[in-house]
Amino acid sequence: MSRTALERIADREQAIGDITEQLSAEVSQLTARLAELDAERADLAIARKVILSLGDDEPTGDRMPGLPDNPIYQQ
């Protein structure tokens, strides 16, 4: 027995509804991830601005600033 046009339409509506729900969930996940990345980018921009305002970010000499002079620590 063949399906009527209305039954086929109902089946297609159901399939589209299922796909729509799945895509909506994916969009929500991507939107949340995008917000996280935008926030991280803003944090990095702030960090860059702070470092630039403090001056050169490259250490001078043969050791990193703030490290103890103790030779055991250096090893």
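The following exchange concerns helix α1 and the salt bridges of a predicted model.

Trainee: What distance separates the end C-alpha atoms of helix α1, and which span should its residues give?

Mentor: Helix α1 covers residues 5-54, which is 50 residues. At 1.5 Å a residue, these should span 74 Å. The expected span agrees with the separation of the end C-alpha atoms in the model, which is 72 Å.

Trainee: Which residue follows α1, and what is its phi?

Mentor: The residue after α1 has a positive phi, near 115°. That residue is Gly-55.

Trainee: Which residues does UniProt list for "coiled-coil region", and how much of that span is helix?

Mentor: The unreviewed UniProt entry gives residues 20-47 for this feature. In the model, the end C-alpha atoms of residues 20-47 are 40 Å apart. Strand accounts for 0% of the span, and helix for 100%.

Trainee: How many salt bridges does a search of the whole structure find?

Mentor: The pairs found include Arg-3 with Asp-11 and Arg-33 with Glu-36. Arg-41 with Asp-38 is also one of them. The search of the whole structure gives a total of 3.

Trainee: Are Arg-3 and Asp-11 buried or exposed, or do they count as partly exposed?

Mentor: The side chains of Arg-3 and Asp-11 form a salt bridge, with N to O at 2.2 Å. Partly exposed applies between the limits of 20% and 50% relative accessible area. Arg-3 has 40% relative accessibility, and Asp-11 also has 40%. Arg-3 therefore counts as partly exposed, and Asp-11 likewise counts as partly exposed.

Trainee: Why can residues three places apart in an α-helix point the same way, and how far apart are the closest N and O atoms of Arg-33 and Glu-36?

Mentor: An α-helix has 3.6 residues a turn, so residues three or four places apart point the same way. Arg-33 and Glu-36 both belong to helix α1 and are 3 residues apart, about one turn of the helix. Arg-33 is partly exposed at 44% relative accessible area, and Glu-36 is partly exposed at 47%. In their salt bridge, the closest N and O atoms are separated by 3.3 Å.

Trainee: Which residue forms a salt bridge with Arg-41?

Mentor: Arg-41 is exposed, because its relative accessible area is 59% and exposed means over 50%. Its partner is 3 residues away in helix α1, about one helical turn, and counts as partly exposed at 37% relative accessibility. The closest N and O atoms of the pair are 3.8 Å apart, and the partner is Asp-38.

Note on methods
Residues are numbered from 1 along each chain as its sequence is written. This is a predicted model: local features need pLDDT of at least 70, side-chain atom pairs count only at pLDDT 80 or more; totals for chains, interfaces and linings use all residues. Side-chain values use heavy atoms; hydrogens and water are left out. UniProt positions are given in the numbering used here, feature names are shortened, and annotations may be inferred rather than shown by experiment. Helices (H or I, at least four residues) and strands (E, at least two) are DSSP runs, numbered from the N terminus. The expected span of a helix is 1.5 Å times one less than its number of residues. A salt bridge is a side-chain nitrogen of Lys or Arg within 4 Å of a carboxyl oxygen of Asp or Glu. Buried means under 20% relative accessible area, exposed over 50%, partly exposed in between (1.4 Å probe, protein chains only).
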